[in-house]
There are 4 protein chains.
Amino acid sequence: MTTTASVVGGTGFTGGELLRLLDGHPEFAVVQATSRSEANKTVGGVHPNLRHMNLRFSDPEDLDSVDVLFACTPHGVSMERIDRFRDAAGTVVDLSADFRLPAAEYYDDHYDGHDRPELLAEAEYALPELNRENLPGADLVAAGGCNATATIVGLLPLFGHDILSGGERIVVDVKVGSSEGGAGGGAAASHAERSGVVRPYAPTGHRHEAEIEAYLGTSVSFTVHAVDMIRGASATCHVFPDDPVSKGDMWGAYRGQYEDEPFVRMASGGGGVYRYPEPKAVAGSNVAEVGFEVDPPNERLVVFSAIDNMMKGSAGQAVHAANVALGFEETTGLAATGFHPIGSP
Amino acid sequence: MTTTASVVGGTGFTGGELLRLLDGHPEFAVVQATSRSEANKTVGGVHPNLRHMNLRFSDPEDLDSVDVLFACTPHGVSMERIDRFRDAAGTVVDLSADFRLPAAEYYDDHYDGHDRPELLAEAEYALPELNRENLPGADLVAAGGCNATATIVGLLPLFGHDILSGGERIVVDVKVGSSEGGAGGGAAASHAERSGVVRPYAPTGHRHEAEIEAYLGTSVSFTVHAVDMIRGASATCHVFPDDPVSKGDMWGAYRGQYEDEPFVRMASGGGGVYRYPEPKAVAGSNVAEVGFEVDPPNERLVVFSAIDNMMKGSAGQAVHAANVALGFEETTGLAATGFHPIGSP
Amino acid sequence: MTTTASVVGGTGFTGGELLRLLDGHPEFAVVQATSRSEANKTVGGVHPNLRHMNLRFSDPEDLDSVDVLFACTPHGVSMERIDRFRDAAGTVVDLSADFRLPAAEYYDDHYDGHDRPELLAEAEYALPELNRENLPGADLVAAGGCNATATIVGLLPLFGHDILSGGERIVVDVKVGSSEGGAGGGAAASHAERSGVVRPYAPTGHRHEAEIEAYLGTSVSFTVHAVDMIRGASATCHVFPDDPVSKGDMWGAYRGQYEDEPFVRMASGGGGVYRYPEPKAVAGSNVAEVGFEVDPPNERLVVFSAIDNMMKGSAGQAVHAANVALGFEETTGLAATGFHPIGSP
Amino acid sequence: MTTTASVVGGTGFTGGELLRLLDGHPEFAVVQATSRSEANKTVGGVHPNLRHMNLRFSDPEDLDSVDVLFACTPHGVSMERIDRFRDAAGTVVDLSADFRLPAAEYYDDHYDGHDRPELLAEAEYALPELNRENLPGADLVAAGGCNATATIVGLLPLFGHDILSGGERIVVDVKVGSSEGGAGGGAAASHAERSGVVRPYAPTGHRHEAEIEAYLGTSVSFTVHAVDMIRGASATCHVFPDDPVSKGDMWGAYRGQYEDEPFVRMASGGGGVYRYPEPKAVAGSNVAEVGFEVDPPNERLVVFSAIDNMMKGSAGQAVHAANVALGFEETTGLAATGFHPIGSP
């Protein structure tokens with residue numbers, strides 16, 4: 001018996017990636033994709049990779065009843081329309097920021113407040129590596145932010161394995177691709193202005209800093225740079241533990257945390273061209289690569305993590321969480337590997 | 001019952017792409033990948049996307065017996081080792097140029113001759129759109145060149161549909177990505193020298209010109225340019241028919257040729273950003289996009305085609321042909337769609 | 001005595017490039033740069049390379065009196081405001097399409113007609129290689145289109161040197177960078193959609209086809225592709241002469257045409273990485289590179305030309321023409337060479 | 001009276017950039033460029049932007065007597081050949097690492113020792129912003145490393161202006177282009193492997209860490225990432241002062257340090273697309289951009305600096321220092337501004 005799914009906000013990059021994943025997922029059948037601006041147009045006219053799909057965008061005011069609704073609307077829309085989403089679907093997976101922070105004060109401090117703060121306690125954070133136990137049966141799931149996801153996956157093993165206890169100095173320097181900005185455009189996003197950049201972006205006070213702190217329980221000094229790739233987010237975490245940490249300690253922590261995770265892969269100092277995590281090595285896949293080095297002279301740990309922001313950083317994470325929530329095998333529809341060679345991709 | 005497969009020459013880009021495809025193919029089991037230079041090293045050490053594979057390169061002198069052997073060796077190796085390949089495998093699929101041209105004189109004119117010309121009549125050209133009927137049961141299959149494939153797929157409908165009869169003027173201007181040059185490197189292939197180029201490459205006398213002429217039966221004026229992408233080949237064919245051709249004639253020819261083809265998709269003048277064939281729209285997939293415009297003032301037809309050179313232009317074509325040769329459903333293991341947005345990929 | 005200059009429409013890419021050139025030009029003093037949208041803002045706030053300039057954009061309604069006014073406004077504006085431009089300046093150099101075609105019927109056929117057709121006979125085409133003799137003293141100069149410039153510079157030697165007489169088949173396949181589209185933006189121009197493309201653009205009926213025909217006196221089959229670079233235009237011309245042409249004939253024609261030209265350089269089949277014209281090799285400079293091969297089996301000549309579309313293809317050409325018009329040494333302010341290595345640049 | 005100059009090691013990227021600068025410098029005349037591998041070949045055959053130069057590479061064993069010799073040889077060569085260089089030239093400017101560190105122990109710790117440690121005290125560090133007072137008349141000048149230069153220029157104002165006193169925690173996260181790796185090549189440098197990367201490179205123990213510490217007098221936690229640009233180095237410095245620092249304090253320090261520097265430009269939080277330092281905004285120029293933000297919640301200062309690694313990070317810095325050493329106006333031959341728009345360049 002097929003599980004029906006809809007994508008609300010299907011013209012954006014995240015919506016398109018979800019349509020691609022759901023279209024190739026053996027358990028889901030996409031019955032609706034909505035778009036205000038492109039209503040009645042074919043999905044393939046916006047997402048050329050989906051030209052084979054026999055589906056047209058429909059008006060978001062008329063939501064079909066489905067088993068799962070994926071909301072890919074801009075921040076602020078889900079909190080306004082959440083009752084209608086929940087009326088239409090038994091399970092709502094939201095890919096915006098609207099339900100991903102655990103308490104209203106985060107929204108007061110970093111966004112324009114929250115309309116439905118009482119729902120925040122109901123929402124489950126989608127990242128299975130952090131919150132798998134609470135996902136089965138969840139009916140409101142909130143995908144994490146891409147930069148936050150890259151950072152959390154990188155740093156998570158340091159907590160709970162006797163390496164960090166919270167409060168230590170952590171600098172997180174993130175490099176992201178242009179798909180993170182969405183399909184909109186504007187002068188700063190144009191090819192001529194955006195190609196070849198190393199562009200500081202929200203050098204302080206980035207909203208994902210709050211998300212990381214909310215889920216790791218410690219503050220981080222967070223800065224994001226736009227670089228010349230399309231998909232991909234890479235977090236380099238400079239960590240200063242109170243006591244010396246050996247490479248063996250680190251391997252113990254990371255293996256302990258991740259050895260059974262289907263979508264986390266270690267890449268830490270081997271030979272060849274790809275010795276540490278790189279967005280290129282995971283682009284197109286739901287894999288997060290994680291690696292590290294220890295730097296005794298500076299009493300520092302350097303942790304690298306890399307994801308495809310469209311996959312592990314949004315649509316892939318959402319489908320992964322939906323698989324867990326609905327009781328499917330976790331990797332269903334997400335088993336595709338990356339490519340070599342590949343661009344960004 | 002699983003079909004066993006081996007990849008001879010597994011460290012190059014084509015070999016890696018084949019390993020990726022075979023690893024995800026439900027009918028094939030990869031039992032061997034050979035490499036002289038990387039023997040005993042893991043496949044994942046060379047191809048980071050395949051870090052999950054539990055496979056090490058082995059010496060090419062010791063070939064396992066398999067059902068299908070895919071040869072990804074440099075031009076000239078297959079013709080020298082073909083007997084050993086055929087001893088090891090019931091079916092040999094060669095991805096080099098060694099068996100793709102139909103007669104010895106092509107090798108005399110465009111390569112350094114051929115060691116085993118008597119085998120050329122046995123070899124079947126891998127492109128199913130051109131040669132599907134001869135592939136079932138074939139035991140020596142030769143994948144086409146990537147530029148030739150893009151061109152042939154673009155121009156094929158013009159023959160046999162009363163548009164061209166052979167002998168008309170055709171200019172083919174191809175743009176290709178850097179993966180075409182293989183994994184080697186060298187100064188011209190370095191990032192600093194190769195990024196951002198529009199670089200004429202073999203402006204006259206390109207070897208694929210002969211391949212196109214061999215299979216289309218007419219000569220083409222062929223020029224290749226390197227451009228800044230990694231995967232992808234795009235052919236723009238400027239065609240001058242003897243008599244006026246309407247858009248309706250063209251649609252008739254292309255629909256007639258391709259409406260049942262699983263891996264050819266029309267993209268011809270619709271709306272949106274992606275109106276004509278683009279390598280970006282097919283990257284990571286085995287799809288060839290084809291489209292056209294008519295230009296009455298210049299008595300010209302302009303035909304565009306775009307492929308991922310690693311897929312439809314080599315490894316994907318090889319697996320497609322192997323599927324047909326061995327009686328599997330054609331699209332098995334090749335159903336992945338492309339991405340949006342995406343780089344090159 | 002300094003020559004005063006103004007730039008009308010200074011926020012676009014062409015306007016910014018002109019400001020850069022004029023700022024470094026020993027004969028010109030920039031006294032005004034206008035912008036409707038950015039009035040009162042600093043030039044450096046829009047063009048970060050010009051942060052050192054002590055200049056703010058002013059309202060285009062208040063034009064200062066200057067010796068030379070460079071108009072970088074969108075197509076259609078110059079023909080509307082030309083009287084005001086001429087009132088303000090003794091010499092007007094227009095970088096839009098408004099005065100570059102020699103007769104009104106071109107505007108009727110390829111644009112929305114022309115408001116001031118009587119001025120077309122007064123306007124001088126800016127390309128010195130084609131029209132140097134008419135530039136001295138000209139008071140209305142119209143810069144050529146970038147694709148047309150690349151093509152004309154490539155093909156010009158074939159006429160007047162007994163190689164072509166007009167009427168022969170010529171296919172021109174152009175590859176251009178994203179700066180050609182201007183500073184605007186929009187979804188198709190966004191980094192995510194525009195990176196890594198080989199995108200057919202105006203495959204037939206491109207407006208520059210008319211410009212080429214107007215100045216070369218023969219028709220060309222013209223197709224443009226967007227590729228992944230920012231600056232640069234490359235034209236590959238596939239030419240079919242009536243009679244055989246030798247390499248020596250070609251060298252004779254090209255040397256004859258260009259040996260004394262300060263901004264045309266031959267690059268034709270030497271060794272090294274850069275054997276033919278490439279946009280990379282001229283980026284940032286006013287140089288056009290030209291080269292060729294002969295292809296006897298196809299009775300074809302292949303001509304390559306490459307320019308920086310912001311320089312030789314617009315702002316550099318405009319300054320070059322202004323130098324000639326005003327009696328300065330031709331290369332004044334334009335002597336900068338390109339870079340190696342370099343991106344697009 | 002012209003000052004004669006030679007470039008030893010003229011085929012590499014740094015050597016080519018020096019030749020470009022010297023060729024356009026009104027005070028210098030290039031009389032020799034050496035190359036072992038390309039002896040007797042034209043400079044333009046290797047550096048296509050220099051096709052106009054009438055110069056052939058000569059054998060490095062036969063050094064002409066010149067006023068200034070610029071050594072662009074691989075690390076280790078200059079210390080071996082320094083006596084011959086000094087015999088040939090009154091002033092030697094070395095662009096390798098051989099004389100840039102102030103004491104032998106740095107070479108023992110980070111390189112393979114030093115052959116001529118007694119000369120280290122004679123060598124002057126080329127960066128005028130740090131060492132201007134010692135450059136006039138210097139006869140052995142050593143250009144800084146590109147990553148070190150970007151970092152030192154960024155952090156320098158924090159010392160001596162009551163913000164840092166040494167010993168505070170500083171994390172430096174650098175992003176660099178592919179030209180930094182030189183003209184060689186190899187698999188990791190190939191376009192297919194190097195495009196679109198965010199690749200950790202020497203995540204700990206990078207040699208430039210020692211150089212920074214030598215000249216700033218404090219340790220830094222230093223990590224370099226390769227990103228997809230050709231020219232450019234960007235340093236993001238996360239600084240943790242002992243006491244709160246205000247934005248006003250920072251402006252005071254940076255203005256105090258740099259207001260009279262011809263090649264340092266502030267870019268700190270203004271409007272528009274380019275709000276902080278970016279390699280794109282300085283590419284092709286000798287300008288270093290510097291900017292900052294304060295982050296009170298994390299008790300952090302974030303300092304950004306961006307340079308063109310071929311210019312301010314090597315050849316431009318070398319010419320700048322030579323200008324000072326020889327008594328020319330500092331900006332002679334280095335006044336070219338950058339470009340907009342531009343790639344990497």
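## Where chains D and C meet

Let's start with charge: across the interface of chain D and chain C, the rule finds 2 salt bridges. Keep in mind as you read that this is a predicted model. One of these bridges joins the side chains of C:Glu289 and D:Arg51, at 2.3 Å from N to O. Polar contacts are also counted here: chain D and chain C share 12 residue pairs of this kind, with both partners at pLDDT 80 or more.

Which elements of chain D give two or more residues to the side that touches chain C? They are α1 (13-23), α2 (43-46) and α10 (279-282) of chain D. Of these, α1(D) gives the most, with 3 residues. Sorted by class, this side of chain D has 12 nonpolar, 12 polar and 8 charged residues.

## Area and symmetry of the D–C contact

The size of an interface is often given as the accessible area lost when the parts come together. Between chain D and chain C, the buried area is about 2700 Å², and carbon and sulfur atoms give 60% of it. Three residues stand out on the chain D side: D:Arg51, D:Phe339 and D:His340 supply 27% of the area that chain D buries against chain C, more than any other three residues. D:Arg51 is thus a name to remember, as its side chain also takes part in the salt bridge with C:Glu289.

In terms of residues, the contact takes 32 from chain D and 32 from chain C. Superposition gives a neat result: a turn of 180° and a shift of 0.0 Å along the axis lay chain D on chain C with an RMSD of 0.0 Å. The copies meet through the same surface, because 100% of the interface residues of chain D are also interface residues in chain C.

## Where chains A and D meet

Now for the other side of chain D. The contact between chain A and chain D takes 50 residues from each of the two chains. About 3900 Å² is buried between chain A and chain D, with carbon and sulfur atoms giving 56% of that area.

How many salt bridges does the rule find across the interface of chain A and chain D? The count is 4. Among them is the pair A:Arg199 and D:Glu278, whose side chains meet at 2.6 Å, N to O. Another salt bridge links the side chains of A:Lys175 and D:Asp173 at 3.0 Å, N to O. This pair crosses between chains, running from strand β7 of chain A to strand β7 (residues 169-176) of chain D. For context, the structure holds 84 salt bridges over all chains.

Polar contacts across the interface of chain A and chain D come to 30 residue pairs, both members at pLDDT 80 or more. On the side of chain A that touches chain D, the elements that each supply at least two residues are β7 (169-176), α7 (191-194), β8 (198-201), β9 (221-227), β10 (233-240), α10 (279-282), β12 (288-295) and β13 (300-307) of chain A. The most comes from β9(A), with 5 residues. By class, this side of chain A has 23 nonpolar, 13 polar and 14 charged residues.

## The A–D rotation axis

Laying chain A on chain D takes a turn of 180° and a shift of 0.0 Å along the axis, with an RMSD of 0.0 Å. The two copies are therefore related as by a two-fold rotation axis. Which residue of chain A comes closest to the rotation axis? That is A:Asp228, with its C-alpha at 2.8 Å. The same surface serves both copies, since 100% of the contact residues of chain A recur in chain D.

## An annotated span in chain A

An unreviewed UniProt entry carries the annotation "domain: Semialdehyde dehydrogenase NAD-binding" for residues 4-138 of chain A. In the model, this span is 28% helix and 19% strand, and its end C-alpha atoms lie 17 Å apart.

## Backbone details to check

Two cis peptide bonds deserve a look. In chain A, the bond from A:His340 to A:Pro341 is cis, with omega near -5°, and A:Pro341 lies in the segment after α11 (311-326) of chain A. In chain B, the bond from B:His340 to B:Pro341 is cis, also with omega near -5°. B:Pro341 sits in the segment after α11 (311-326) of chain B.

Chain B has another backbone detail, at B:Glu299: its phi is near 50°, a positive value in a residue other than glycine. B:Glu299 is found in the loop between β13 (288-295) and β14 (300-307) of chain B.

Notes
Residues are numbered from 1 along each chain as its sequence is written. Chains are lettered from A and ligands numbered from 1 in the order in which they are written. This is a predicted model: local features need pLDDT of at least 70, side-chain atom pairs count only at pLDDT 80 or more; totals for chains, interfaces and linings use all residues. Side-chain values use heavy atoms; hydrogens and water are left out. Contact means heavy atoms within 4.5 Å. Buried area is the accessible area (1.4 Å probe) that two parts lose on being put together, summed over both. A polar contact is a pair of N or O atoms within 3.5 Å; within protein, one must be able to donate a hydrogen and the other to accept it, and residues adjacent in sequence count only if both atoms are side-chain atoms. Helices (H or I, at least four residues) and strands (E, at least two) are DSSP runs, numbered from the N terminus. Ala, Val, Leu, Ile, Met, Phe, Trp, Tyr, Cys and Pro count as nonpolar, Asp, Glu, Lys and Arg as charged, and the others, Gly among them, as polar. Copies are superposed by least squares on the C-alpha atoms of residues with pLDDT of at least 70 in both. UniProt positions are given in the numbering used here, feature names are shortened, and annotations may be inferred rather than shown by experiment.
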